[in-house]
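Work through the exercises below with the structure open. Each task is followed by a solution in steps.

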Number of protein chains: 2
Amino acid sequence: MSLDGLPDFPFRLAHQDGEARAGVLETPRGDVQTPCFMPVGTKGTVKAMTPERLKNAGAQVILANTYHLALRPGSATVRELGGLHRFMGWDGPILTDSGGYQVFSLKDTSHVDDSGVEFWSIYDGSKQVFTPERAVREQQTLGSDIIMCLDQCPPGGAGGNELAEAVRRTSLWAERCKRVHRAEEGMGGDGPQMLIGICQGGIDPELRRESVEQLLEIGFPGYAIGGLSVGEERVAMLETTELCAGLLPKERLRYFMGIGDPEGLVEAVARGVDVFDCVLPTRTARTGTVFTSEGRLNLRNAEYATSREPLEEGCPCAACQSFSRGALRHFVMQKEIMGLALLTEHNLTFLARLVARAREAIVKGEFAQFRGSVGFGGAC
Amino acid sequence: MSLDGLPDFPFRLAHQDGEARAGVLETPRGDVQTPCFMPVGTKGTVKAMTPERLKNAGAQVILANTYHLALRPGSATVRELGGLHRFMGWDGPILTDSGGYQVFSLKDTSHVDDSGVEFWSIYDGSKQVFTPERAVREQQTLGSDIIMCLDQCPPGGAGGNELAEAVRRTSLWAERCKRVHRAEEGMGGDGPQMLIGICQGGIDPELRRESVEQLLEIGFPGYAIGGLSVGEERVAMLETTELCAGLLPKERLRYFMGIGDPEGLVEAVARGVDVFDCVLPTRTARTGTVFTSEGRLNLRNAEYATSREPLEEGCPCAACQSFSRGALRHFVMQKEIMGLALLTEHNLTFLARLVARAREAIVKGEFAQFRGSVGFGGAC
């Protein structure tokens, strides 16, 4: 369903079971089966993973970060090197965020008004300005497939006025982002791009409703729920997710920004979200923590030193296929790069298999049973 | 050719061209085509590489380090976890060194006499004693395929008395190592083991002659040239190599310990050496330096920032197949693990292809041309 004559990546809803959805997003670089967890490649690489291992771990679409790439090595350099796909060695779809989250969370913001946000670069302290226009242009230059509007993401615990102001500004910026996107007829450096709007409003139902309505008015082929996972209670987060998803059109992709724990993924899927991203699975892997069907396991614990078991029985990842918990623990304790790489691959494989099982359950109309069986359902 | 009724890994000399040899070492875990460069997996992993990527990079046999593994996680723990192959996730042949080099080079030696060497563990400062007996037993417990005698490796610039003493002690220890090896009928924790003797003597021709003769008297199925690459001139190193190789029996494997630069490998092959190891290719990769047919290239140089070229045209490694020099430079500058992994894979692939080409040239009787064509020949 094309919007305003802009290129569109068709999103087909294959099945729905309760609010949980199984869909397919058709991108010029391949289909994405949803629900789908998208690994985060902040600086152009999902840390400790090569593109080949990412594919092996079931990644369908990966993220890269406009804030970081615009500053190092610079979007123009990425373009000169053949665009983002060539740069990252990844021929599947890539989603770039707008940089908004980093600008606000890295706390080096010097000034924000309706024109944009001023901040100091974490790389060299230089003063930078991100406007909605620049955020989209950087993403056009990078040449990703799915691009995000610049939003203002208030910190957890922000007051009502701050949240309301962020909603107003985010809508204002969304409109300007769409204008820049439309000026190029939706084309980025390497082909058509899908521009996603982001709603804000913290955990305030009225503000969320307002935010979603304003975005719907502008019109996007997909909508993201931003401004959550910033320290609020899990219950409030899920209620807000449910509210937003309920306000969004069924035929549009829904993206929850910043969730990557197995329990949270299943609960967000239960509330009608299609895609997710988070650094959690990769970051915790690098500290020695892995996901298993029996919960998280911290390999640094001495109890695993002589364990011959794999991390997870039946897991097809390289860590589980070739290494015992005891050996992996040794590599983690010795800070061996291979240990970090193997644990990262395991966590991503675990999440990819979890959402694939969720999809299968939705298709069969057995999502409720699945949600119960994975042991997290209802606990949140 | 079995020695003293001990298990033997047949070494067949397929071709010889001048002094350069092409052979096959038949191990219970697969054949090793020589000349062969063996990547070093100090603590049980070749840094930044997984076993799968190592195979892809052409590794046939890999090293592990008895000093490190005996202290962390301990040989008994490795045994409990299923032995060294299972621990490392590597089903090909593994060579373990004896720990001698580390004991002497880490400079935490407290006392050395004919009984063994006392040192403080780099892990916890505990006092440890390595005797020839312990060195072999640790390797038996680990369960590697090719094991090394404990030797005394004097530092570069050591005087004649120190070198002579090291030769005498190394021979004494070699005999005791063989005794322990024989007591188990040459069997380690996971099958037959091949015990290699190491000659010492610095760059003193008389001492080297003496050392080789003493080792030949004891009798080993393979001989290593140790105590080089410790700061001596390249010319002296190669002369000593030539001398030792000339004294060793044609039908036995010859191993140069500690050479891993492309020029050095070709020159050592020219002098009749079969196998090599060194941390150089993997260590330099982690600092951003890669081997190419035009010499070393330091990716940190700004000139590569916008280079779309691969590291080496025609190289089949993952770095060259999927990434530009500019992108790799970015990953190196940002200290991204993937960058270190890709550069490591490239350097190992480069060396594996170099020695494979050397082998091919030897088989065809064209080694002299090959040596000239790679551009290092005679320069040393």
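**Exercise 1.** Through which surface do the copies meet?

Solution. This is a predicted model. Compare the interface residues of the chains: 100% of those in chain A are also interface residues in chain B, so the copies meet through the same surface.

**Exercise 2.** Find the turn and the shift that lay chain A on chain B.

Solution. Two copies of a chain are related by a rotation about an axis and a shift along it. Here the turn is 180 degrees and the shift along the axis is 0.0 Å, with an RMSD of 0.0 Å. The two copies are thus related as by a two-fold rotation axis. To place this axis in chain A, look for A:Ile337, whose C-alpha is the nearest to the axis, at 3.6 Å.

**Exercise 3.** Check the length of helix H7 (residues 160-183) of chain A against its expected span.

Solution. Helix H7 of chain A has 24 residues, and the expected span is 1.5 Å times one less than that number, which gives 34 Å. The end C-alpha atoms of H7(A) are 35 Å apart, which agrees. Just after H7(A), A:Glu185 has a positive phi of about 55 degrees.

**Exercise 4.** Describe how helix H8 (residues 205-218) of chain B packs on helix H9 (residues 234-247) of chain B.

Solution. The axes lie 10 Å apart, at an angle of about 30 degrees. Angles under 35 degrees count as roughly parallel, so H8(B) is roughly parallel to H9(B). The crossing is right-handed. From H8(B), the contact takes in B:Pro205, B:Arg208, B:Arg209, B:Val212 and B:Leu216; these meet B:Thr240, B:Leu243, B:Cys244 and B:Leu247 of H9(B). Sorted by class, the contact has six nonpolar, one polar and two charged residues.

Technical notes
Residues numbered from 1 in each chain as written. Chains lettered and ligands numbered in written order. Predicted model: local features only at pLDDT ≥ 70, side-chain atom pairs only at ≥ 80, totals over all residues. Heavy atoms only, no water. Least-squares fit on C-alpha atoms with pLDDT ≥ 70 in both. Contact = heavy atoms within 4.5 Å. Helix = DSSP H or I, 4+ residues; strand = E, 2+ residues; numbered from the N terminus. Axes fitted to C-alpha atoms, helices over the stretch in contact; angles between N-to-C directions. Parallel < 35°, antiparallel > 145°, perpendicular 65-115°, else oblique. Left-handed = near helix turned anticlockwise from the far one by under 90°. Nonpolar A, V, L, I, M, F, W, Y, C, P; charged D, E, K, R; others polar.
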